[in-house]
Amino acid sequence: MKKYLLILITLLSLQATAQTFNSIAITAGVTAANQKFLYKDPVALSNKSYVFGYNASIFGEFFTRDYVRWVTEIQYNQKGSLDKQPDANYANQLQYVSWNNYIKVRYELYSIIPYVLLGPRLEYNMVQSTSSPDIVQHFIPLHVSPAVGAGVEFVNYYNIKFFVEAFYNPDIVPLPSYTTTTLNVFNKDFELRIGLKYEFAKRKEHCNTPTYVE
């Protein structure tokens, strides 16, 4: 009896996953990143210069509702800054892998689907290469930051979709990326990326508006 119950639960779980798992996608893009140094004694703020890096991700999109969906993503991202001092310029380079979760609000038009995304990122600092003399220890290995983005998906009648996205990802005051008794450092970046998405649902036309059926 327990064996058959386990099989039934497994089948129901697979069916629920098939109904909610809408699509899978990959992205690649560029990141413009800088940092804010907040000194504590005396209190002072120094905004560093931008550096450019790369980002890439894979994500799954869940649910097939017309207006609201959920996106969960694993992302690689390069952050940092250029610290320009009177004596020299110091490069700060950071590499993160993060688990991102967004609420996606979308609106279907005839040829495009514009949307916005909002949610938290759980970021893990994999690699640190910093030369600023004020940075004397490692960045926090694991921390949370918010992200907001907007994108456009281009409508076609195939399962593979093309889209472009832009994100803003700043650290907020209670959650710096780096902290000591004398200094807090806050990361900030802008991301532009393109992607390909494979949708599992089949497409049909209805009153000139794209819809989906299982």
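Which residues make up the largest nonpolar core of this protein chain? The model in which this core is found is a predicted one, and the core has nine residues: Ala25, Phe59, Val71, Tyr102, Tyr115, Leu117, Ala147, Phe163 and Phe167. Two elements, β6 (112-130) and β8 (160-170), each give two or more residues to this core. A second core, separate from it, has eight residues, among them Leu94, Phe139, Tyr178 and Leu183.

With the cores located, the order of the elements may be considered. The protein chain has one helix and 12 strands. Read from the N terminus, the elements run α-β-β-β-β-β-β-β-β-β-β-β-β, with the helix placed ahead of the strands.

Several of these strands can be followed from one pairing to the next. Strand β1 (residues 21-40) pairs with strand β3 (residues 51-62) over 12 bridges, in the antiparallel sense. Within this pairing, alanine 25 has phenylalanine 59 of β3 as its bridge partner, and both residues also belong to the largest nonpolar core. Strand β3 is in turn joined to strand β4 (residues 68-84) by eight bridges, and these two strands also run antiparallel. Here serine 57 stands opposite glutamine 75 in β4. Five residues lie between the strands in the hairpin of β3 and β4, where phenylalanine 63 takes a positive phi near 75°. As a general point, the side chains of a regular strand alternate between the two faces of the sheet.

Phenylalanine 59 deserves a separate look. When its neighbours within four places in sequence are left aside, phenylalanine 59 is in contact with Ser23, Ile24, Ala25, Thr27, Val71, Thr72, Glu73 and Phe163. Among these partners, Ala25, Val71 and Phe163 are listed with Phe59 in the largest nonpolar core.

The chain as a whole may now be described. Of its 214 residues, 39% are buried. Among the contacts with a separation of 6 or more, 65% are between residues 24 or more positions apart. The accessible surface comes to about 12100 Å², and carbon and sulfur atoms account for 68% of that surface.

Finally, the reader should consider the confidence of the prediction. The mean pLDDT of the protein chain is 88, and 85% of the residues reach 70 or more. In two stretches, however, the values are low: pLDDT stays under 50 over residues 11-16 and also over residues 204-209. For residues 11-16 the model has zero contacts beyond four places in sequence, whereas for residues 204-209 it has eight such contacts.

Definitions and conventions. Residues numbered from 1 in each chain as written. Predicted model: local features only at pLDDT ≥ 70, side-chain atom pairs only at ≥ 80, totals over all residues. Heavy atoms only, no water. Core = buried A, V, L, I, M, F, W, Y, C linked by side-chain atoms within 4.5 Å. Buried < 20%, exposed > 50% of the residue type's maximum accessible area, 1.4 Å probe, protein only. Helix = DSSP H or I, 4+ residues; strand = E, 2+ residues; numbered from the N terminus. Contact = heavy atoms within 4.5 Å. pLDDT = per-residue confidence, 0-100. Pairing = 2+ DSSP bridges. Areas by Shrake-Rupley, 256 points an atom, 1.4 Å probe, with all protein chains shown as cover.
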